[in-house]
Amino acid sequence: MTEPLFWLGISLLLVSVSLSAALFMSIPALTELARAARSAEKLFDTLREELPSTLDAIRLSGQEITELTDELNTGVKKATQVVKEIDQGVVNFKKQGSSIAKGSARALIGIKAAWQRWNINNQP
């Protein structure tokens, strides 16, 4: 059994049997890999068809939200201005009420003084 060609032949036979077994065992894995590749290709096709319209819709929604935010900010600023004007009107009304009250008090004092003076002059 010292024949080197014999051992070389047996080694080559064992290597070829091992490679054949590995190839035979990898067939189901390669089949599943091909199926996964087809599924991925279908997914990519669907994404290529649907994604641009979805992105456009998202972009339009973002623009609409921006416009609504701007309108809300403008409305809030106008409402703030109206509240400030109303507050200023209330302050002015209070000042006018205070001025009227002071004027009425002065007028009442003047009427009392006139009444007293008239009573003094008209006494017998």
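What is the relative accessibility of D45? The value is 30%, and D45 therefore counts as partly exposed (buried is under 20% relative accessible area, exposed over 50%, partly exposed in between; 1.4 Å probe, protein chains only). The legends below place D45 and other residues in their surroundings. All views show a predicted model, in which local features need pLDDT of at least 70 and side-chain atom pairs count only at pLDDT 80 or more, while totals for chains, interfaces and linings use all residues. Residues are numbered from 1 along each chain as its sequence is written, and side-chain values use heavy atoms, with hydrogens and water left out.

**View 1. The protein chain has 1 helix and 0 strands.** Helix α1 spans residues 4–121 (helices, H or I, of at least four residues and strands, E, of at least two are DSSP runs, numbered from the N terminus). Along the principal axes, the C-alpha atoms of the protein chain fill a box of roughly 170 × 35 × 15 Å. The radius of gyration of the protein chain is 51 Å, whereas a compact globule of 124 residues would have a value near 14 Å (C-alpha atoms; globule rule 2.2 Å times the number of residues to the power 0.38). Buried residues account for 0% of the 124 residues in the protein chain. The protein chain has an accessible surface of about 11300 Å² (Shrake-Rupley method, 1.4 Å probe; for residues, only the protein chains shown count as cover). Carbon and sulfur atoms contribute 68% of that surface.

**View 2. D45 and R48 form a salt bridge in helix α1.** The closest N and O atoms of this pair are 2.8 Å apart (criterion: a side-chain nitrogen of Lys or Arg within 4 Å of a carboxyl oxygen of Asp or Glu). R48 and D45 are 3 residues apart in helix α1, so about one helical turn separates them. The two partners are not in one accessibility class: R48 is exposed because its relative accessible area is 58%, whereas D45, at 30%, counts as partly exposed. The structure holds 3 salt bridges, and Views 3 and 4 present further examples.

**View 3. The side chains of D56 and R59 meet in a salt bridge.** The N to O distance is 2.4 Å. R59 and D56 both lie in helix α1, 3 residues apart, which corresponds to about one turn of the helix. R59 counts as partly exposed at 48% relative accessibility, and D56 is likewise partly exposed, at 38%.

**View 4. E32 and R35 are joined by a salt bridge.** Here the closest N and O atoms lie 2.6 Å apart. Because E32 and R35 are 3 residues apart in helix α1, about one helical turn lies between them. E32 has a relative accessible area of 44% and is therefore partly exposed; R35 is partly exposed, with 42%.

**View 5. A nonpolar patch on the surface is formed by L43, F44, L47, L51, L55 and I58.** Together, these residues have about 570 Å² of accessible area. (Patch members have over 30% relative accessible area and no salt bridge; like charges are joined within 9 Å, nonpolar side chains, namely Val, Leu, Ile, Met, Phe, Trp and Tyr, within 5 Å.) One of the patch residues, L55, is placed in helix α1. L55 is partly exposed, its relative accessible area being 44%.

**View 6. The count of aromatic pairs comes to 1.** The centres of the F6 and W7 rings are 5.4 Å apart and the ring planes stand at 70°, so the pair is edge-to-face. (Rings of Phe, Tyr and Trp, the last by its six-membered ring, pair if their centres lie within 6.5 Å; planes under 30 degrees apart are stacked, over 60 edge-to-face and the rest tilted.) F6 counts as partly exposed at 41% relative accessibility. W7 is also partly exposed, with a relative accessible area of 41%.

**View 7. V76 and N73 serve as end points for C-alpha to C-alpha distances.** V76 has its place in helix α1 and is exposed, with a relative accessible area of 52%. From V76 to K102, the separation is 26 residues in sequence and 39 Å in space. N73 also lies in helix α1; N73 is partly exposed, at 42% relative accessible area. N73 and T31 are 42 residues apart in sequence, and their C-alpha atoms are 60 Å apart in space.
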